Amino acid sequence: MKVAEVVLRQMKMRMKSPFTTSFGTFQEKEFLLLEARDENGMSGWGESVAFHSPWYNEETLKTNWHMLEDFIIPNLLNREIVHPDNVTDALSYIRKNNMAKSTFEGAVWDLYAKQKGIPLAQALGGTSNRIEVGISIGIQNTVDDLLSLIEEYVNDGYKRMKVKIKPGWDVDVIREVRKSFPNIPLMADANSAYRLKDIPLLKKLDEFELMMIEQPLASDDIIDHAILQREIRTPVCLDESIHSYEDAKKAIELGSCKIINIKIGRVGGLTEAKRIHDLCQEHDIPVWCGGMLEAGIGRAHNIALTTLSNFIMPGDTAASSRYWEKDLIEPEVKVENGMITIPEMPGIGYNPNLETIKQFTVFEKTFS
Ligand code: OSB
Ligand code: MG
C-alpha cells in the first residue's frame, strides 16, 4: 500500500472535568490527528497521545508535529509499505519520539485493515469480542470527593478502580477507600512520585490488597523498581519506564515488575505493542492497556489492541462520555457493565465524525 496524502490536524477539546496527577492538573486537551489517504481516497486515522507539556514523557504535541512534518511524513509519503509492521523498521533511524511515530503507524494500521475489509482487532491477531475496562481517577480535593466518584463508577459497572497517588495523598487515602469499598478491585498509580527512601511508606500499602502499584519510582528507572519489588508484596506495574520490547525484556529479567501497562504511543506503535504483549505472555507477565485521556480515534486503537489474549487485566479505556461532551467518532465508545463490545466494521471500527473534527480543529496541513 501507499499513503498518497496526509492531513495533519491540531485539535483542542475541553474535557468534562479536570484531571490531576502527581504532576499537576489540566482540562484543555490539545493533541494531533493524522489522516492517511491511499490512492483511492480511503482514509486511515491515528491520534498522537503527546500532551501540551512534557510532564509524562519528553514529547509534546509540538515536537510530534515537528517530527511528523520534517521527518516521518516526508520519509513515508508515496513509499510502498508492504505491511504496517514495516513502518517501525522504516522509522528506526529516528531516535525515540515514539508518540510521533505511533501517530503515523496507527493510521497505516487502520488503513491496512480497511483495505482488507477486516476489523483492526482481527488484523492485529486479537481474539476477544468483548473487553473488560476499569477507570482511572485523578487526585481529588477531598477524600469524600474521591469516595463519591468511586461509588459512581462502581455503579456504572467499571471492573477496576485506579486511584492516582502522590506524597501526602497516599496511604491514608487508600485506607479510607478500602474502608468504604472492602472488596473492589483497586490499584494505585504514582506517576513516578516516589524514591527508594519511600520504601517504608510504600510497604504500608501492602495491607490493602491492591492489584498493583503503577510506576511508583522514577520514570526512566528499572533498577530501583527491582529493589522495591523485592521489598513489597504489592505487585509493581511499569508504565513510564517501558518504551520498547528491549525495555520490557530487561525489566522482566531484572524482576522490576510483575505486570506491564502497554500504551501504544509510549512504545512507538501497535507493532511494538504487540511484540511486548507476546514477550510478556511468554513470561507469564499479565498486561493491560493504559490510557492517555484519548479522544475517539486513540480510544478505538486501544480497544483493538486489548483484544489480544494476554490483556487479562482491565484497562483504562473508559467510555467516551467519561471525558467528552461529544467525542470525535460515531458511535461513541460505550461501556456496559464494565465491558466494551468490539466493533465489527473494518479498521478501527468507529467512524470519524468529520463535522465534529472540524469543529475542534485549531489548524491543519495537507501533505501530498
Ligand atoms: O499514568 O496512566 C497514566 C492519564 C494521562 C497520563 C498518564 C496516565 C493517565 C491516566 C488516565 O491514568 C488514563 C485514561 O483515563 O485515559
Ligand atoms: Mg500510569
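Ala, Val, Leu, Ile, Met, Phe, Trp, Tyr, Cys and Pro count here as nonpolar, Asp, Glu, Lys and Arg as charged, and the others, Gly among them, as polar. With that sorting, the shell around ligand 1 splits into seven nonpolar, three polar and seven charged residues.

This is a predicted model, where local features need pLDDT of at least 70 and side-chain atom pairs count only at pLDDT 80 or more. Residues are numbered from 1 along each chain as its sequence is written.

So who sits around the ligand? 17 residues surround ligand 1, each with a heavy atom within 4 Å of it. The closest are Ser136, Lys164, Asn191, Leu293 and Tyr323. Because domain 1 (3-117 + 352-367) and domain 2 (122-349) both give residues to this shell, ligand 1 lies between them; the bounds come from an automatic or database domain assignment.

Here are some polar contacts (pairs of N or O atoms within 3.5 Å) made by an oxygen atom of ligand 1:

| Residue | Partner atom | Distance |
|---|---|---|
| Leu293 | polar backbone atom | 2.8 Å |
| Lys164 | side-chain N or O atom | 2.9 Å |
| Met292 | polar backbone atom | 3.3 Å |

Taken alone, ligand 1 exposes 390 Å², and the protein buries 100% of that (Shrake-Rupley method, 1.4 Å probe).

Conventions:
Chains lettered and ligands numbered in written order. Heavy atoms only, no water. Polar contact = N/O pair within 3.5 Å; in protein donor to acceptor, adjacent residues only side chain to side chain.
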